[in-house]
Amino acid sequence: MKKVIGVLTLVLALTLGASAQKHKTDEVSFASSVKCGMCKKTVESNLGKEKGVQAVNVDLKDHTINVVYNPKKVSKDELKDKISKIGYDADEVVADQKAHDALPGCCQKTAKAHKD
Ligand SMILES: [Cu+2]
């Protein structure tokens, strides 16, 4: 519960921060191969640690990765590259094969769609 409040506070702070400093953050959405809760966790925790990344939200319904980032610190192409290295597709950038193969079986692209 504490974690949820922390996340909500963070989202609120980011929202307020984004409106106060309009040009400091950008938001982007990538089509991706994410399919389950484990994918969501993997992408959000790994990408969230990257430089310039302020918030990551994986939408499992739309199969997208939404990122709030600082364009002065990281570019869209670099973000796609980082997502690929985690093992997932990001728009036209295909998942790094080695990283993809290291994912849990249920998260790999060849796995059948599954529910949480
Ligand atoms: Cu998965």
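**Close-ups of a predicted model**

**View 1. Strands E2 and E3 run antiparallel, paired over 6 bridges.** Pairing here calls for at least two bridges found by DSSP between two strands. Strands (E, at least two residues) and helices (H or I, at least four) are DSSP runs, numbered from the N terminus. This is a predicted model, in which local features need pLDDT of at least 70, side-chain atom pairs count only at pLDDT 80 or more, and totals for chains, interfaces and linings use all residues. Residue numbers start from 1 along each chain as its sequence is written. E2 and E3 make a hairpin with 4 residues between them.

**View 2. E3 also pairs with strand E1 (residues 26-31).** These two run antiparallel as well, joined by 6 bridges. Look for Ala 31, whose bridge partner in E3 is Thr 64. That Thr 64 sits on the uncovered face of E3 with Asn 66 and Val 68, while Ile 65, Val 67 and Tyr 69 make up the covered face.

**View 3. Here's Val 58, a residue of strand E2 (residues 53-59).** Across from Val 58, in E3, stands Ile 65. Val 58 counts as buried because it has 22 C-beta neighbours inside 10 Å; the cut-off for buried is 20 or more other C-beta atoms within 10 Å, exposed is 12 or fewer, and partly exposed is in between, with C-beta atoms placed from the backbone. Skipping neighbours within four places in sequence, Val 58 is in contact (C-beta atoms, placed from the backbone, within 7 Å) with residues including Val 34, Cys 39 and Lys 40. Another of its contacts is Glu 44: the two C-alpha atoms are 6.9 Å apart, although 14 residues separate the pair along the chain.

**View 4. The largest nonpolar core has 18 residues.** Such a core is a set of buried Ala, Val, Leu, Ile, Met, Phe, Trp, Tyr and Cys residues joined through C-beta atoms within 7 Å. Val 43, Val 56, Ile 65, Ile 83 and Tyr 88 touch the most other members. Helix H2 (37-48), E2, strand E3 (64-69) and helix H3 (76-86) each give two or more residues to this core. Beyond its neighbours within four places in sequence, Val 43 has contacts that include Val 56, Ile 83, Ile 86 and Tyr 88.

**View 5. Two loop residues, His 63 and Asp 91, come last.** His 63, in the loop between E2 and E3, has a positive phi near 55° without being a glycine. His 63 is partly exposed, because 16 other C-beta atoms lie within 10 Å. Asp 91, in the loop between H3 and helix H4 (97-101), isn't a glycine either, yet has a positive phi of about 50°.

Definitions and conventions: Two residues are in contact if their C-beta atoms, placed from the backbone, lie within 7 Å.
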